[in-house]
Each structure stands twice: as structure tokens, then as C-alpha cells.
Amino acid sequence: MTFTTVNPQGWFPNVTVGLLDKKGKNAGFVTTNCLTADSTPLTSTCHGVYVLKGGQIAWQNATRDPRPPFVIAITGGTGKYCEARGQIRAVRTESAPEGGLYELEVITGRRCAAA
């Protein structure tokens, strides 16, 4: 899946942004929360959720280098993503601070039971 962020709400790294698919249609939103440890070098630990049609994908990561690309662990999912696992590779392709291109690598297992 590929998504583009739009309309940021909040200040990075604690932000909620809308997601568009490749055709520019609304695909959901992502919400992110980060804590930064006052260490040398600085360390940020972040977690968030992609809220998509049909379910959610939860993730988390830690980094000492705030520059993309990021590889983020998928920690779980709901709905059609209930067995999501693997990673998210976030690649920013725009220079504007509020936008970017994010490629999600999602590995799913067996078919999920209906809710």
C-alpha cells in the first residue's frame, strides 16, 4: 500500500494526518505519538495507528536518527488487518514538512475470523 499524508493536525512528533491513496482518494488517517529521551544522542520512541477502511494497523519504532526512511515494526491489527505483521517502510518524497509518501509492507497470515 502507498499513502500520502495531508492536512497535519498537531505538532510533530505528536500528530494526526489524513491519508490519500495513489488516486488521491481518502484512505483513512494515521495518528502518531513520540517520546524523546534527553540522551546523547537523542532517542525517540514512537507508536501509532493507521486507521484504514476495513481495520487498523498498529506500529512502533525507536530511532536515534530522525531522518527518513524509517523501518517501523507492525505490532498488530484489527479487522481485515487482524493478523498484520512485518514492517512499515516510511519514505518521505516531498520536501514540505507536512507531506510525504509512505510505503507500507504488510505481511498477513491466515484468513481472519469475521467479527
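**View 1. Contacts across the sequence in the predicted model.** Take the contacts in this predicted protein with a separation of 6 or more: residues 24 or more positions apart account for 27% of them. The protein has 8 strands and 0 helices, so reading along the sequence just gives you β-β-β-β-β-β-β-β. Of its 115 residues, 31% are buried. About 7,500 Å² is exposed, with carbon and sulfur atoms supplying 54% of that.

**View 2. The hairpin of strands 3 and 4.** Here strand 3 (residues 26–37) meets strand 4 (residues 43–52), and the two pair in the antiparallel sense over 10 bridges. They make a hairpin, with 5 residues between them. For a landmark, look for G28, whose bridge partner in strand 4 is L52.

**View 3. On to strand 5.** Strand 4 also pairs with strand 5, again in the antiparallel sense, this time over 9 bridges. Y50 is a handy place to start, since it stands opposite I57 in strand 5. These two strands form a hairpin as well, with 2 residues between them. Check out G54 in the turn: its phi is positive, at about 95°.

**View 4. A close look at N61.** N61 sits in strand 5, which covers residues 55–63. Its relative accessibility is 13%, so N61 counts as buried; the cut-off for that is under 20%. Leaving aside residues up to four places away in sequence, N61 touches S44, T45 and C46, along with F70, V71 and I72.

Note on methods: Residues are numbered from 1 along each chain as its sequence is written. This is a predicted model: local features need pLDDT of at least 70, side-chain atom pairs count only at pLDDT 80 or more; totals for chains, interfaces and linings use all residues. Side-chain values use heavy atoms; hydrogens and water are left out. Helices (H or I, at least four residues) and strands (E, at least two) are DSSP runs, numbered from the N terminus. Buried means under 20% relative accessible area, exposed over 50%, partly exposed in between (1.4 Å probe, protein chains only). Contact means heavy atoms within 4.5 Å. Accessible areas come from the Shrake-Rupley method with a 1.4 Å probe; for residues, only the protein chains shown count as cover. Two strands pair if DSSP finds at least two bridges between them.
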